[in-house]
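Open the model in your viewer and keep the selection panel at hand. The stops below go one selection at a time.

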Amino acid sequence: MPNLKDLKTRIESVKSTRKITKAMQMVAAAKLRRAQDAAEQARPYTERFNAVLGALAASVGGSDSAPKLLSGTGSDQTHLLVVMTAERGLCGGFNSNIAKLARIKAAELIAAGKTVKILTVGKKGRDAIKRDFGDHFVGHVDMSEVKNVAYSDAQGVAKDVLERFDAGEFDVATIFYSKFVNVVSQIPTAQQIIPADFDAPEEDGATTLYDYEPDEEAILADLLPRGVATQIFSALLENGASEQGARMSAMDNATRNAGDMIDRLTIEFNRSRQAVITNELIEIISGAEAL
Amino acid sequence: MAETMQFDLVSPERSLMSGSVTSVQIPGADGDMTAMPNHAPVITTLRPGILKVEGESGTTEYVVTGGFAELGEGLSVLAERALPKADVTTEVLTGLVDEAKAALETVKANNGAVDDAAKLVADMIAVGNEIGVSVS
């Protein structure tokens, strides 16, 4: 029979765990709202940007003078995988889902005889992939100091990626992040950013003919690097919202589980106590009968 | 009443302004231009400068550091960074100028083309002169 005192300490410990998970859930809920706001605020920029860039790319894309960021280097031998995860754990399957997707992709590419390089953003992703693909790592961007993702953070990552591209270190870059759908569902996503991949604008003939100042190619050369930063920025924001969403539902689960556990333990505690009392009574009664 | 057009000023982090305006002066890469309703469609890149918005409620000015403007049926300015003019203090501007100077140094160190980076520094300082905030 479990010791009454042990049971009591266990109940207390589970209770304090429940308090912690409950607090984490509430913090995550507050942060989620902020992250969602940030993602919402950034959406108009990203949408417009992609629309303009898409239209430009469509008109210049065919020519030989198209920038490499758009047309690619002409080969797809070396792939750079930018794996973006959180700096912290305790958020359900969030980090491991992204890492899993990246691992599958990396294994596929290696099996196809391609060279794979991995750039990690966020500590958790690095830890998760290190064991299998540690020797493919080319860099890591630390985000632990960043509280709210700012555009300059995305620019930092983009600069790193672009410098490597200019140095000819890779041909194709793909980012891995989690798309925020709602609190209970986040979809790990892989998105190719170099060469730029746009949805073709609708060919309904209603597209406006723009004048370009300076010329189309100069604008495109100016915009494409910004496009990389913009895509990374929106991915980081989606990731931020996903992380908080995942943490919120994970902590909600944990809180509920702790509650169930407390109920079970309390019943066990009460039964044991009752058993002890009954035992004592029997002893007294049988003692009295013996007289 | 003067004709108006839809105007949006957005930066990656937030949307700064959205509403109907009568004219907007844009610091284009090839020179300033003023966009008015029914202007021919243009896409232009921006240099650091001042965006002057004439609306029904008066003139509002923003400092932008680059980006581009799309002038179609309405005008959308997608600025890399945009701040209301009143928010640009010596401190903020010094930060921007230093950033531009640092970029210039990096380009110099890599033996790249310094023209663009040098122009960026000059543009930033020019912004300061125009709004009466001096940066050394």
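What radius of gyration does chain B have, and what would a compact globule with 136 residues have? Chain B has 16 Å. A compact globule of 136 residues would have a radius of gyration near 14 Å, so the value for chain B agrees. Keep in mind throughout that this is a predicted model.

**Stop 1: chain B as a whole**

Select chain B and colour by secondary structure. Two helices and nine strands appear. Follow the chain along its sequence and the pattern reads β-β-β-β-β-β-β-β-β-α-α. Turn to the principal axes: the C-alpha trace spans about 55 × 30 × 25 Å. Of the 136 residues, 35% count as buried. Now think about contacts between residues at least 6 apart in sequence: in chain B, 46% of them join residues at least 24 apart.

**Stop 2: the two domains of chain B**

Select residues 5-85 of chain B for domain 1, then 88-131 for domain 2. Their centres, taken over C-alpha atoms, are 22 Å apart. Where the domains touch, eight residues of domain 1 of chain B meet nine residues of domain 2 of chain B. The domain 1 side of that contact has four nonpolar, two polar and two charged residues.

**Stop 3: strand S7 of chain B**

Select residues 67-71 of chain B, which make up strand S7. Is S7(B) mostly covered or mostly open? Mostly covered: five of its five residues are buried. Show the side chains. In a regular strand they alternate between the two faces of the sheet. Here Gly67(B), Ala69(B) and Leu71(B) point one way, Phe68(B) and Glu70(B) point the other way, and all are buried.

Add strand S8, residues 75-79 of chain B. S7(B) and S8(B) run antiparallel, joined by five bridges. Pick Glu70(B) and find its bridge partner, Ser76(B), in S8(B). The two strands form a hairpin with three residues between them.

Next add strand S4, residues 42-46 of chain B. S4(B) pairs with S7(B) in the antiparallel sense, again over five bridges. Pick Leu46(B): its bridge partner in S7(B) is Gly67(B).

**Stop 4: a second hairpin**

Select strand S2, residues 15-28 of chain B, then strand S3, residues 31-35 of chain B. S2(B) and S3(B) run antiparallel and share five bridges. A hairpin joins them through two residues. At Gly28(B), look across to Gly31(B) in S3(B).

Move on to Asn38(B), in the loop between S3 and S4 of chain B. Its phi is near 65 degrees, a positive value in a residue other than glycine. Is Asn38(B) buried or exposed? Exposed, because it has 7 other C-beta atoms within 10 Å, and 12 or fewer is the cut-off for that class.

**Stop 5: where the chains meet**

Show both chains. The contact takes 20 residues from chain B and 21 residues from chain A. On the chain B side, S2, S4, S7 and S8 each supply at least two residues. Which strand gives the largest share of that side? S4(B), with four residues. By class, the side of chain B that touches chain A holds nine nonpolar, seven polar and four charged residues.

Zoom in on S4(B) and on strand S6 of chain A, residues 211-213. These two strands pair in the parallel sense over three bridges. Tyr212(A) stands opposite Ile43(B).

**Stop 6: details in chain A**

Select Pro195(A), in the loop between strand S5 (185-194) and S6 of chain A. The peptide bond leading into it from Ile194(A) is cis, with omega near -10 degrees.

Then go to Leu90(A), in the loop between strand S1 (78-84) and H3 of chain A. Leu90(A) is not a glycine, yet its phi is positive, about 55 degrees. With 16 other C-beta atoms within 10 Å, Leu90(A) is partly exposed.

**Stop 7: confidence in chain A**

Colour chain A by pLDDT. The average is 87, and 93% of the residues score at least 70. Helix H3 (residues 94-111) of chain A has the highest confidence, at 93, and helix H2 (residues 68-71) of chain A the lowest, at a mean of 78. Finish at residues 202-206 of chain A, where the pLDDT is below 50. Beyond near neighbours in sequence, this stretch has zero contacts in the model. Where pLDDT is low, the predicted coordinates should not be read in detail.

Technical notes:
Residues numbered from 1 in each chain as written. Chains lettered and ligands numbered in written order. Predicted model: local features only at pLDDT ≥ 70, side-chain atom pairs only at ≥ 80, totals over all residues. Contact = placed C-beta atoms within 7 Å. Nonpolar A, V, L, I, M, F, W, Y, C, P; charged D, E, K, R; others polar. Pairing = 2+ DSSP bridges. Domains from an automatic or database assignment. pLDDT = per-residue confidence, 0-100. Rg over C-alpha atoms; globule rule 2.2 N^0.38 Å. Buried ≥ 20, exposed ≤ 12 C-beta atoms within 10 Å, placed from the backbone.
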